[in-house]
Each structure stands twice: as structure tokens, then as C-alpha cells.
Amino acid sequence: YTTAYGRIHVGSDGTVTYTQRTTYTHTGAGRDIAAHADDGQIHVRLADGTITSLPVRVDIQDAVPSVSVGSAAEGAYGGVVTGSVEYTFGADGEGALYLKIDNGSLVRGQKDAEGNYTFQVGEGVLTLSGATGDFVYTGLPQSGSERDIRFSFTVEDADGDSVVATTSAHIEATVLTAKGEVSGDNTARDEDVASGTSHTVVITD
């Protein structure tokens, strides 16, 4: 028996099975259940030979996307941050991927022909493989103080349901040290101001 969103099958032992074949558009948020979203009728022959119809009403539960951290983010100043996430859009189909770094703005990823996503976040760029979930972030400066950088990935399906996974990279502080020796006359004199005299200083490794 064909219904609006699927098919009802009655087995030889009287077992009734419903198979959904078309996506149902839910209006509620999250994994809501639409009561009596689909229905149909089956015909039953009674012992006296009479055929009667019995209603079959089906509740359909919304599918939601999923996302989790595969490999935690890690990186260092002067390099990149790497990590991975595992995600699916679910039965409702693909919507969008979003990224937020720390308390910044939510940025929508731009998907290319190969299925990979690019997020332009301030001065940095994060690229995410659509096939593996691996990501690379290039927004780190050459040096800085110790900090944590939080990456929040939001997966949204076609009917607006969304889930979030977060991973943080701990970035160690950089210590800049001077190397070498200074030679030459590094003493300035008041009389040099009037005469415009300069002194040569040589720095050697």
C-alpha cells in the first residue's frame, strides 16, 4: 500500500511494516516527532469473507545532523593549527557548515567543487576536507603569549536543525632571545649632538 511518504507492507503472518521513502519536512526544532505525519489503509478479509479497511497512522521522527571531534586541535606560533571533526547532515540533507573561533562571529563555510570548505575568519583561513573532516587553520602569528584557541563547528541540515562540536588548541608562548655579540663604540656623548657625530655598532653571530 503506497502512502504519501512511504509504503505499508502486510506480511503473510499479518505483520504490518512501514517503510519511509520520501523525506518529511518537520517544523519543530531538533529531533521532534510529527504525530500522524503519514497514514494509509490496509484491507483485511475477515473470517466470514467480508473485506474491511483498517487505518494505519505513522508518526515520523525528525533526523538531525551529528558532529564530534575526531582529532583535537593542536598547533604552535609560526605554524598552523590542525585537527579533525566527524560530521553527517543526516536524512534531511545538507544545509551548511559554520565556524566560530573563540567569541568571534559565526562564519559560514564556502564549499568548492571538490566538497571542501573554506572559512575566512579575520586574518586567518581555515580549510576543512569534506571527505575526511581534517582541518588546517593558518591564522597564527609568528609569536605571542600562551593561550587557548577554541574552534566551534556547527553542522546544520536542510530543515534547520543544528549541532555543535568544539575543540581547543593550546598554544605555548614563544620566547624571543637575542644572539651574538655587540662590538664598537656604543657610547653616545652630548657633544655628538652638536657635531652630528655617529658611532658604528657591529652585531656578530
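How accessible is R147, as a relative accessibility, and what does R147 count as? R147 has 34% relative accessibility and so counts as partly exposed. Keep in mind that this is a predicted model. With that said, let's take a friendly walk through the chain and come back to R147 further on.

## The chain as a whole

The protein chain has 205 residues, and buried residues make up 29% of them. Its secondary structure consists of 1 helix and 16 strands.

For the surface, the accessible area of the protein chain comes to about 12,800 Å², and carbon and sulfur atoms account for 47% of that. As for contacts with a separation of 6 or more, 49% are between residues 24 or more positions apart.

## The hairpin at β1 and β2

Strand β1 covers residues 6-10, and it runs antiparallel to β2, with 5 bridges joining the two. One pairing you can look for is R7, whose bridge partner in β2 is T19. Together β1 and β2 form a hairpin with 5 residues between them, and in the turn G14 has a positive phi of about 90°.

T15 sits in the loop between β1 and β2, the latter spanning 16-20. The side chains of T15 and D13 are joined by a polar contact of 3.0 Å. Leaving aside residues up to four places away in sequence, T15 touches H9 and V10. T15 has a relative accessible area of 40%, so T15 is classed as partly exposed.

## A nonpolar patch

V10 belongs to strand β1 and also takes part in a nonpolar surface patch of about 210 Å², made by Y1, V10 and V16. Why can V10 belong to such a patch? Patch residues need over 30% relative accessible area, and V10 qualifies on that count because its value is 33%, which makes V10 partly exposed.

## The six-stranded sheet

An open sheet of 6 strands follows the order β5-β6-β12-β11-β10-β9, and its pairing is antiparallel. At the edges stand β5 (66-75) and β9 (110-111); each has a single partner strand, so one side of each is left without a neighbour in the sheet.

The partner of β9 is strand β10, residues 117-121, and 2 bridges join this antiparallel pair. If you would like a residue to find on screen, Q110 stands opposite T118 in β10.

## Two salt bridges

Side chains of opposite charge can pair when their charged atoms come close. How many salt bridges does the structure hold? There are 2.

In one of them, the side chains of K111 and E94 meet at 2.9 Å, N to O. This pair links distant parts of the chain: K111 lies in strand β9 and E94 in strand β7 (residues 94-101), 17 residues apart. K111 is partly exposed because its relative accessibility is 45%, and E94 is likewise partly exposed, with a relative accessible area of 39%.

In the other, R147 returns: its side chain meets that of D102 in a salt bridge of 3.2 Å, N to O. Here too the pair links distant parts of the chain, with R147 in strand β13 (residues 147-157) and D102 in the loop between β7 and β8 (107-108), 45 residues apart. The R147 end of this link is the partly exposed residue, at 34% relative accessibility, that opened the report.

Key. Residues numbered from 1 in each chain as written. Predicted model: local features only at pLDDT ≥ 70, side-chain atom pairs only at ≥ 80, totals over all residues. Heavy atoms only, no water. Pairing = 2+ DSSP bridges. Helix = DSSP H or I, 4+ residues; strand = E, 2+ residues; numbered from the N terminus. Patch = residues over 30% accessible without salt bridge, like charges linked within 9 Å, V, L, I, M, F, W, Y side chains within 5 Å. Areas by Shrake-Rupley, 256 points an atom, 1.4 Å probe, with all protein chains shown as cover. Salt bridge = Lys/Arg side-chain N within 4 Å of Asp/Glu carboxyl O. Buried < 20%, exposed > 50% of the residue type's maximum accessible area, 1.4 Å probe, protein only. Contact = heavy atoms within 4.5 Å. Polar contact = N/O pair within 3.5 Å; in protein donor to acceptor, adjacent residues only side chain to side chain.
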